[in-house]
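Here is a short report on one protein model. It covers the sheet, the helix packing and a few individual residues.

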Amino acid sequence: EVAGMERCRRQYVSMMDEGKSLEEITLKMLDELGHTVQPARYVPNVEAIQWTVSQLQSASPPQELDMEWFSVGDAEATQLAEVLRTNATVTTIKLRYNEIRDEGAKALASCLASHPSVQHVYLGNNIIGSDGADALARAIAENGRIRKLDLRYNNMGPTLPPSFTKLSCLQSLDIRANRLLSLPSGLGELTNLQDLVIERNHDLMPRNLLSLSTTPELLEGLRRQESESAH
């Protein structure tokens with residue numbers, strides 16, 4: 001990890017010498033660090049995970065799956081997805097503050113696509129990138145019953161996958177504090193969306209969007225962005 005940080009430092013100096021823009025340097029460093037820095041606290045809470053899985057498989061499974069702060073990684077998320085395939089009671093999945101990356105997000109997406117009861121998905125404060133987020137968005141669009149998706153404090157960027165524009169079922173979408181530079185204008189067409197949170201993304205996110213304080217204003221700003229780009 002130390003060697004990776006030193007490689008990033010040398011690359012930063014080299015790009016400065018080449019006259020690269022601050023935007024180019026920042027995006028390159030974020031990509032490099034994402035592949036270099038490994039989670040320091042990743043020690044799965046095996047007993048807690050096993051107990052939660054046993055509850056899901058019991059005769060009276062819970063409606064809320066709460067595994068926040070369990071240090072759930074990709075392997076554990078994949079195991080959980082397999083258990084959820086045979087579940088029909090969970091309405092809320094809480095997996096915030098874990099170590100889930102793209103592989104784990106894709107595994108969860110594979111079961112969410114057809115899950116009959118899940119309505120709220122909390123995956124904030126993980127390490128999910130654009131590939132994992134894209135898989136989740138496609139699955140939720142296919143499902144059509146999920147109302148809330150929380151992906152705050154993850155690793156999406158620099159653009160939000162276009163699949164998010166198909167989430168007509170969502171009422172709430174939280175994508176704050178990722179590394180997004182822009183949003184697809186098609187988000188403005190999600191008329192069921194009542195709560196869209198985009199703050200604390202990259203400094204280069206258009207300020208005309210960040211300055212809009214309410215979700216209706218933000219959706220209108222995105223529609224206006226699409227109209228202006230068409231002309």
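A residue counts as buried when its relative accessible area is under 20%, as exposed when that area is over 50%, and as partly exposed in between. Ala177 has 10% relative accessibility, so Ala177 counts as buried. The model is predicted.

## The sheet

Six strands build an open sheet, and their pairing is parallel. The order is S1-S2-S3-S4-S5-S6. Strand S1 (64–66) and strand S6 (195–197) are the edges, and each pairs on one side only. On average, neighbouring strands are turned by 5° against each other, direction ignored.

Inside the sheet, strand S3 (residues 120–122) pairs with strand S4 (residues 148–150). The sense is parallel, and the pairing runs over 3 bridges. His120 faces Lys148 of S4.

## Asp174 in strand S5

Asp174 sits in strand S5, which spans residues 172–174. Is Asp174 buried or exposed? Asp174 has a relative accessible area of 2%, so it is buried.

The side chain of Asp174 makes a polar contact with the side chain of Arg176, at 2.7 Å. Beyond its neighbours within four places in sequence, Asp174 is in contact with Leu149, Asp150, Leu151, Arg152 and Val197. Of these, Leu149 and Asp150 fall in the range of strand S4 (residues 148–150), and Val197 falls in that of edge strand S6 (195–197).

## Helix packing

Two packed helices are described by the angle between their axes and the distance between the axes. The axes of H3 and H4 come within 10 Å and cross at roughly 10°. Angles under 35 degrees count as roughly parallel, so H3 is roughly parallel to H4. On the H3 side, the contact is made by Ile49, Val53 and Leu56. H4 contributes Glu76, Gln79, Leu80, Val83 and Leu84.

The axes of H5 and helix H6 (residues 130–143) come within 8 Å. Their crossing angle is roughly 5°, so H5 is roughly parallel to H6. From H5, the residues that meet the partner helix are Asp102, Ala105, Lys106, Ala109 and Leu112. From H6 they are Ser130, Asp131, Gly132, Ala135, Leu136, Ala139 and Asn143.

## Thr52 in helix H3

Thr52 belongs to helix H3 (residues 46–56). Its relative accessible area is 8%, so Thr52 is buried. Leaving out residues up to four places away in sequence, Thr52 touches Leu65, Met67 and Phe70. Leu65 falls within the range of strand S1 (64–66).

How far apart are the C-alpha atoms of Thr52 and Leu80? They are separated by 9.3 Å, with the two positions 28 residues apart along the chain. Leu80 is among the H4 residues in the contact with H3.

## The aromatic pair

How many aromatic pairs does a search of the whole structure find? The search finds 1. The ring centres of Trp69 and Tyr97 are 4.4 Å apart, and the planes lie at 5°, so the pair is stacked.

Trp69 lies in the loop between S1 and helix H4 (74–84). Tyr97 lies in the loop between strand S2 (92–94) and helix H5 (102–112). The pair therefore ties together parts that are 28 residues apart in sequence. Trp69 counts as exposed, at 56% relative accessibility. Tyr97 counts as partly exposed, at 25%.

## Thr89 between H4 and S2

Thr89 lies in the loop between H4 and S2. At 28% relative accessibility, Thr89 is partly exposed. Its side chain reaches the backbone oxygen of Pro62 at 3.2 Å.

Not counting residues up to four places away in sequence, Thr89 touches Pro61, Pro62, Gln63 and Ser117. The C-alpha atoms of Thr89 and His115 are separated by 9.4 Å, and these residues are 26 apart along the chain.

## Backbone exceptions

Most residues other than glycine have a negative phi, and most peptide bonds are trans. Asn125 is not a glycine, yet has a positive phi of about 60°. Asn125 is found in the loop between S3 and H6, and at 18% relative accessibility it counts as buried.

Ala177 also has a positive phi, near 55°. Ala177 lies in the loop between S5 and S6. The peptide bond from Gly157 to Pro158 is cis, with omega near 5°. Pro158 is in the loop between S4 and S5.

Conventions. Residues numbered from 1 in each chain as written. Predicted model: local features only at pLDDT ≥ 70, side-chain atom pairs only at ≥ 80, totals over all residues. Heavy atoms only, no water. Pairing = 2+ DSSP bridges. Helix = DSSP H or I, 4+ residues; strand = E, 2+ residues; numbered from the N terminus. Axes fitted to C-alpha atoms, helices over the stretch in contact; angles between N-to-C directions. Buried < 20%, exposed > 50% of the residue type's maximum accessible area, 1.4 Å probe, protein only. Polar contact = N/O pair within 3.5 Å; in protein donor to acceptor, adjacent residues only side chain to side chain. Contact = heavy atoms within 4.5 Å. Phe/Tyr/Trp six-rings, centres within 6.5 Å; stacked < 30°, edge-to-face > 60°. Parallel < 35°, antiparallel > 145°, perpendicular 65-115°, else oblique.
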